[in-house]
Each structure stands twice: as structure tokens, then as C-alpha cells.
Amino acid sequence: MRLVFAGTPEVAVPALDALLASDRHEVVAVVTRPDAPAGRGRRLVASPVAQRAEEAGIEVLKPVKPRDEDFLARLREIAPDCCPVVAYGALLPKVALDIPARGWVNLHFSLLPAWRGAAPVQHAVLAGDEMTGASTFLIEQGLDSGPVYGVLTEQVRPTDTSGDLLTRLAFAGAGLLAATMDGIEDGTLRPVPQPAEGVSLAPKIEVEDARIDWAAPALRVDRVVRGCTPAPGAWTVFRGERLKVKSVRLVTDRTDLAPGEIAATKNAVFAGTGSHAVELLWVQPQGKKPMAGADWSRGVRIAAGERFEA
């Protein structure tokens, strides 16, 4: 099939690579979000998908909105058979959905109908799911509600951050998307409607959602830290300044600290929660690089009974 691939971030690149390597299909163009400011200089930078496509010598389309007439006209000229999608980042209007003969097929990082939305992996970690996966489905006008072509499962490990889990799903899902294209092309795959039961939503995690509630149980604190790593980053407030918490360890035998209370030893720093304590393994003070929690605590000289702000 002639394919136009739609995707934007780094997590979409493995799927693009898998399709470029296919001897059954031809990726004739990619669609991605416009260049965005990045780095301290805030200069415009092309998306990872755009950069990979340019390396491969493929046409890159960067519509401000996918309903732009110039973009739609060019897509009609290209006349793709199918448009595989991974984390493109914009809603596709019906006029665009109708152009490829076999539709737009999305690789979504959950076992649909669970975790429909922008942040399925983060929500799986936050919810404490033991198993998640990826699904390929035919895009329709609803939010991740189209019929499913294929799925794969992936265990959520106890120490997984959302970044760890998403990386594994990106590479495993690349194979699933390539196999889905093969099955659509040879007629062996038919999409199956999603069940009406088991629907859950995964909206984008905002910065405020990532603030640690020290009155919550330690298990919840751990999930927030892992689920919000690498983005937007779990955080708390210490002496009026934001402190990112990059990694914690559950300390089930220490229950002497009040929620948010901090205690430091020579080689470790602990914080109380609504249940037992957690050890702060890695933190990042405002305007500084990540550092070991013990190094941070020695530098700030924590006073007895000092707490993170509620």
C-alpha cells in the first residue's frame, strides 16, 4: 500500500522506521505538527518524526490544522491507500479521514476501550495497572472509539516510569502497526467494534495534577512519581520553591514521620506520607540538575521537623 504516516514525537519514530523497512508498503509522505520552539534559545525545531522523514528523503507535510485546504489538496494528490498514525497530536476532521481508501489506522498505547485519550500510559501507571498494551484501530470521529484491528499486551513492572513503559510499547507497537498494515493489505484483518463496557478516559496530565499529596498513602505517592516521569514531572514545594521528585523507594518499616515531614541521615533522606515513609532517591531543585536525594538534603541542611508544603 501507499502510506502517509502521521506522527510527531520521538515515541512515533520506531513505528515509522518499521514501515520504512517494510518490503510490502511504501511510505510516500509524513504528516507531523509544525516546528515548535525548543531549548533555552527557543528556536524552532522540527519534530522527531519530521527529522527522521527528512533523513529518509520523504516529503514532510506540516499543516497548522489538518483541515487546512492546502494540506487536504496535497493529500488528495498523493492519494494514499492508508494513513497509519502514532501520536500525531491533532484531531483529524472527517474531510481528512475520508481521503485514504482504507482510512487512518492509529496505534494507541492501551488495551482499548481502556484509557482512551492523550495520556494512556501515564494513567495506567497512576492507576496501578499490572497489565497494559497497545491497540491498532480504525480512526472515526469519536475519541479513540473506532473498531480494533489488533492488540498486544505488556506487563507494567513495579519500578516502571511512564517513560520506561512507553519506550517498550513504542518498539513493540511498531511491529503491531506494521503487521496491521500487512493484514489490511492482504484482507486477513477485519476491525472489530470495541465493547461498550470497560471504557476509561486518559486526559492529558497537567502540571498541577503532578503535585505530590503527602497525605496520600506511600503507594499513591510512588505511582504519581513514576506516572509523571519524565513529564510533566512530580513535584512538591520546599522552603517556597518547587522541588521535582524524580524517584522514590517505599520504606514500609518507617512510620514515625507525619505526612510531608522530612528526615535525613548521612546517606538517605525520607519523607512521611499518609501511610509509611518513602526515601527520596533522586530530586531536582528549581533551576538545577537532578541529584541524589541524600546530596540534596546535605546541601539544604534540613532542620528537625521540617516539612514539604501541603
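Me: Is Gln 122 buried or exposed in this model?
Reply: Happy to look! This is a predicted model, where local features need pLDDT of at least 70, side-chain atom pairs count only at pLDDT 80 or more, and totals for chains, interfaces and linings use all residues. Residues are numbered from 1 along each chain as its sequence is written, and side-chain values use heavy atoms, leaving out hydrogens and water. Buried means under 20% relative accessible area, exposed over 50% and partly exposed in between, with a 1.4 Å probe and protein chains only. Since Gln 122 has 15% relative accessibility, Gln 122 counts as buried.

Me: Which residues does Gln 122 touch, not counting residues up to four places away in sequence?
Reply: Contact here means heavy atoms within 4.5 Å. By that rule, the partners of Gln 122 beyond four places in sequence are Ser 162, Ile 205, Gly 227, Ala 231 and Pro 232.

Me: Where is Gln 122 placed?
Reply: Helices are DSSP runs (H or I, at least four residues), as are strands (E, at least two), numbered from the N terminus. On that basis, Gln 122 sits within residues 120-126, which form helix H5.

Me: Why does Cys 83 have no bond to the closest cysteine sulfur?
Reply: A disulfide is a pair of cysteine sulfur atoms within 2.5 Å, and a search of the whole structure finds zero of them. The closest cysteine sulfur to that of Cys 83 belongs to Cys 82, and it is too far for a bond because the separation is 6.5 Å.
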